Amino acid sequence: NEATQTVLCFGDETPLKLIHQKLIVSDRIGTVPTSTPLIPLQQNLQQQQKKYRLKPEASEKLITLDLRKELDLARSHLLHLLRLLGIDWGIPKTTSGKGTFKEAWRLCWEPELSVAVIEAGRWGNTLMDAATAYVYNQANEATQLDELTHLLDRLLLADLPGAIAHLMQQLQIMAALDSDVTHLMAALPSLVNILRYRDVRQTDSSAVIAVVDGIVARVCIGLPGACASLDDEAASGMMDAIAQTHSAIKRLNNIEHTQQWSAVLQQLCDQQTLHGLISGRSCRFLLDEGTLTTNEAARRLSLALSLANEPTQAAAWVEGFLRGSGLLLLHDDNIWNVLDSWVVTLSDEAFTILLPLLRRTFSNFPAPERRQMGEKVRAGDTSQNTTETNNYFDHTRAETSLPLIKQLIGLNP
């Protein structure tokens with residue numbers, strides 16, 4: 001190997017790695033005679049592979065399945081079924097585009113997967129029986145609600161109707177007994193994904209709707225109390241949970257759930273003793289969905305930044321309100337001026353204390369947004385700049401371009 005690396009590879013070890021992989025190790029898989037006894041699960045897997053024309057190969061292979069086709073949907077069920085049993089023959093990959101009917105997989109049959117098939121044989125003689133027994137066992141041993149929802153998501157992807165009833169029963173029992181709002185919020189995104197993709201995968205998820213309705217109702221009732229008296233670390237975790245729940249409820253596209261959630265966010269905004277991160281984030285969600293106007297949001301920002309509040313609480317409100325995007329500051333002069341006036345009126349001591357918090361907030365913005373903010377600060381008063389721009393607007397010069405524009409859009413013959 002050393003001589004090959006020196007003479008043939010010019011001292012570079014990279015080509016030698018390729019030689020080692022392709023020539024010394026290789027990727028060929030040995031075979032056994034067809035007369036060799038196999039456990040029933042191995043026989044069933046081989047039958048499924050032949051039926052769906054999926055040949056196990058050691059070389060990596062990328063496939064894209066169209067779930068609208070019967071054969072590709074069956075292949076998807078098989079690969080998800082194997083993953084449920086810990087046989088990772090296929091690894092899901094992201095696909096281009098926004099369609100939910102495509103599913104990409106990376107297939108690579110490793111030698112240790114044969115051992116995994118033998119180990120999974122303790123659950124049953126066929127893939128369906130083994131996966132059903134495995135789901136029963138996992139559902140009985142689950143201690144957290146999100147464990148059951150994650151298992152339900154995988155179960156529906158694998159098309160295991162025989163285990164749905166038992167798992168839904170365990171899910172309903174645990175959801176009814178679990179009083180922790182954060183557990184309910186953590187379980188909601190997986191259930192929403194099930195409802196979102198049910199039509200494409202042709203799965204019966206009607207039983208999930210009742211569970212989702214109950215979880216949303218209990219979250220809306222218990223969230224204001226769960227957000228009270230939180231420290232900085234707990235408030236940050238709760239803010240992330242609220243963001244995930246907000247995204248999940250938007251994907252549900254259920255008017256009743258949306259109204260309930262908006263009412264809860266409004267309550268969080270109005271709650272006086274709430275941590276600034278949660279209050280500011282709730283206000284931003286209401287502004288993005290149109291429940292609050294920009295003037296109302298600017299008024300709430302002004303109240304949050306008043307001298308009556310602690311500077312750290314005001315900075316937390318700003319961080320929650322601006323988390324994720326600074327475009328609001330760039331396009332809304334009211335909110336920009338409120339924030340600018342607050343920063344200017346800070347004392348030297350308060351500014352020194354709040355600088356790390358504000359810097360952390362603005363450092364999360366993309367570089368182009370930060371650059372535009374810097375240009376806006378250097379430009380000075382936005383209202384004055386707007387007036388000067390309007391005064392220097394040349395109407396005559398602008399009218400000369402109208403004939404060309406009409407020609408481009410087809411108004412002129």
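**Close-up views of helix 9**

**View 1. Helix 7 and helix 9 are roughly parallel to each other, because angles under 35 degrees count as such.** Their axes (lines fitted to C-alpha atoms over the stretch in contact, with angles from 0 to 180 degrees between N-to-C directions) come within 8 Å and cross at roughly 10°. Helix 7 covers residues 145-157. Contact means heavy atoms within 4.5 Å. Among the helix 7 residues that meet helix 9 are Leu145, Thr149 and Leu156; on the helix 9 side they include His183, Ala187 and Ile194. This is a predicted model, in which local features need pLDDT of at least 70 and side-chain atom pairs count only at pLDDT 80 or more, while totals for chains, interfaces and linings use all residues. Residues are numbered from 1 along each chain as its sequence is written, and side-chain values use heavy atoms, without hydrogens and water.

**View 2. Helix 9 has a kink of about 30° at leucine 188.** The kink lies shortly before proline 189. The bend is the angle between axes fitted to the seven residues ending at a residue and the seven starting there. Helices are DSSP runs (H or I, at least four residues), numbered from the N terminus. Both Leu188 and Pro189 are buried (under 20% relative accessible area, 1.4 Å probe, protein chains only).

**View 3. Leu223 and Ile242 have the most contacts inside the largest nonpolar core.** Such a core is a set of buried Ala, Val, Leu, Ile, Met, Phe, Trp, Tyr and Cys residues joined through side-chain atoms within 4.5 Å. This one has 109 residues, and helix 9 gives the most to it, with nine residues. Leaving aside neighbours within four places in sequence, leucine 223 is in contact with residues including Val181, Met185 and Ile242.

Definitions and conventions: Helices (H or I, at least four residues) and strands (E, at least two) are DSSP runs, numbered from the N terminus. Buried means under 20% relative accessible area, exposed over 50%, partly exposed in between (1.4 Å probe, protein chains only). Angles under 35 degrees count as roughly parallel, over 145 as roughly antiparallel, 65 to 115 as roughly perpendicular and the rest as oblique.
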